[in-house]
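Reader: I'd like a close look at one part of this model rather than a tour of everything. Could you pick a single residue in the middle of things and work outwards from there?

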Amino acid sequence: MITVRAGYAKNGEARSMPMNQLLTDILKSVKLANNQGDRGFCNRDGTLYRSFRSAFERAVRKAGIPDFTFHDLRHAFASRLVTAGVDVFTMKELLGHRDISMTMRYTYLSSNHKLTAVGKLEQFAAKSQQFSQHPRLASYEIARK
């Protein structure tokens, strides 16, 4: 689980969210590579970072990525959730938004979202047709007419 303490959360409320397997594996490999026991993020001498912000900014500088902030990671997370088709209510919870209108700002990213939604009706129609051809339901339809 990833926990955001209330003091670091934009809305002032602590929250936790699950990590996917890829992130879990990456963090485990960082921890093993550092060989620092429980400490996954530390300086070369084994001391904890005093500030994640300065450590992040140093990593961005070393990577040569211009104009990139820690908050950009949050936008990337939200964008990928939308693209993956995650529903807006789940996104709201994962992003820690109090109001769904804040989450809705990210939904413009999925240009084929409506097309995908309507496409699901085709799957439903195919299942419904199979279901309505069931002998007991067919007699029900005749009786109903």
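Author: Let's start at L81. Leaving aside residues up to four places away in sequence, L81 touches V86, M91 and L94. This is a predicted model, so keep the confidence values further down in mind.

L81 sits in helix α3, which runs over residues 70-83. With 14 residues, α3 reaches 21 Å from its first C-alpha to its last, close to the 20 Å expected at 1.5 Å a residue. Three of the residues in α3, namely A78, L81 and V82, are buried. Look down the axis of α3 and these buried residues fall within an arc of 100 degrees, so they line one face of the helix. Turn to the face pointing away from that buried side and you meet F70, R80 and T83, which are exposed.

What do the buried residues of α3 pack against? Their partner is α4, residues 88-95. On the way out of α3 the chain comes to G85, a residue with a positive phi, near 85 degrees.

Now zoom out a little to the core. A78, L81 and V82 belong to the largest nonpolar core, which has eight residues, the others being M17, M91, L94, L95 and Y106. Both α3 and α4 supply at least two residues of this core each. M91 and L94, two of the residues that L81 touches, are members of this core as well.

α4 also has a charged pair to look at. K92 forms a salt bridge with E93, and the closest N and O atoms of the two are 3.4 Å apart. Buried or exposed, where does K92 fall? K92 is buried, because its relative accessible area is 17% and the cut-off for buried is under 20%. Its partner E93 comes out at 55% relative accessibility, so E93 counts as exposed.

How many salt bridges does a search of the whole structure find? The search turns up two. In the other one, the side chains of E13 and R98 meet at 3.3 Å, N to O. E13 lies in the loop between β1 (2-4) and β2 (15-17), while R98 lies in the loop between α4 and α5 (100-104), so this pair ties together parts that are 85 residues apart in sequence. E13 is partly exposed at 42% relative accessibility, and R98 is exposed with a relative accessible area of 57%. As background, side chains of opposite charge can pair when their charged atoms come close.

On to the helix that packs onto α3 from earlier in the sequence. The buried residues of α2 pack against α3, and those residues are A55, F56 and V60. They cover an arc of only 135 degrees around the axis, which puts them on the same side of α2. On the other side of α2, R61 and K62 are exposed. As for its dimensions, α2 has twelve residues and reaches 16 Å from first C-alpha to last, close to the 16 Å expected at 1.5 Å a residue.

R58 is worth a stop too. R58 is placed in α2, residues 52-63, and is partly exposed, with a relative accessible area of 35%. Not counting residues up to four places away in sequence, R58 touches N43 and Y49.

After α2 comes G64, with a positive phi near 75 degrees. In the loop between α2 and α3 there is also D67, which has a positive phi of about 50 degrees although it is not a glycine. Why flag that? Because most residues other than glycine have a negative phi. At 75% relative accessibility, D67 counts as exposed.

Finally, the wider setting. The chain has seven helices and two strands, in the order β-β-α-α-α-α-α-α-α along the sequence. Of its 145 residues, 17% count as buried. Among contacts between residues at least 6 apart in sequence, 20% join residues at least 24 apart.

And how far does the predictor trust all this? The mean pLDDT of the chain is 79, with 77% of residues reaching 70 or more. Among the elements, α4 has the highest mean pLDDT, 91, whereas helix α7 (residues 135-144) has the lowest, 54. That puts the helix that the buried residues of α3 pack against at the top of the confidence ranking among the elements.

Terms used: Residues numbered from 1 in each chain as written. Predicted model: local features only at pLDDT ≥ 70, side-chain atom pairs only at ≥ 80, totals over all residues. Heavy atoms only, no water. Helix = DSSP H or I, 4+ residues; strand = E, 2+ residues; numbered from the N terminus. Expected span 1.5 Å × (residues − 1). Buried < 20%, exposed > 50% of the residue type's maximum accessible area, 1.4 Å probe, protein only. Arc of directions from axis to C-beta. Contact = heavy atoms within 4.5 Å. Salt bridge = Lys/Arg side-chain N within 4 Å of Asp/Glu carboxyl O. Core = buried A, V, L, I, M, F, W, Y, C linked by side-chain atoms within 4.5 Å. pLDDT = per-residue confidence, 0-100.
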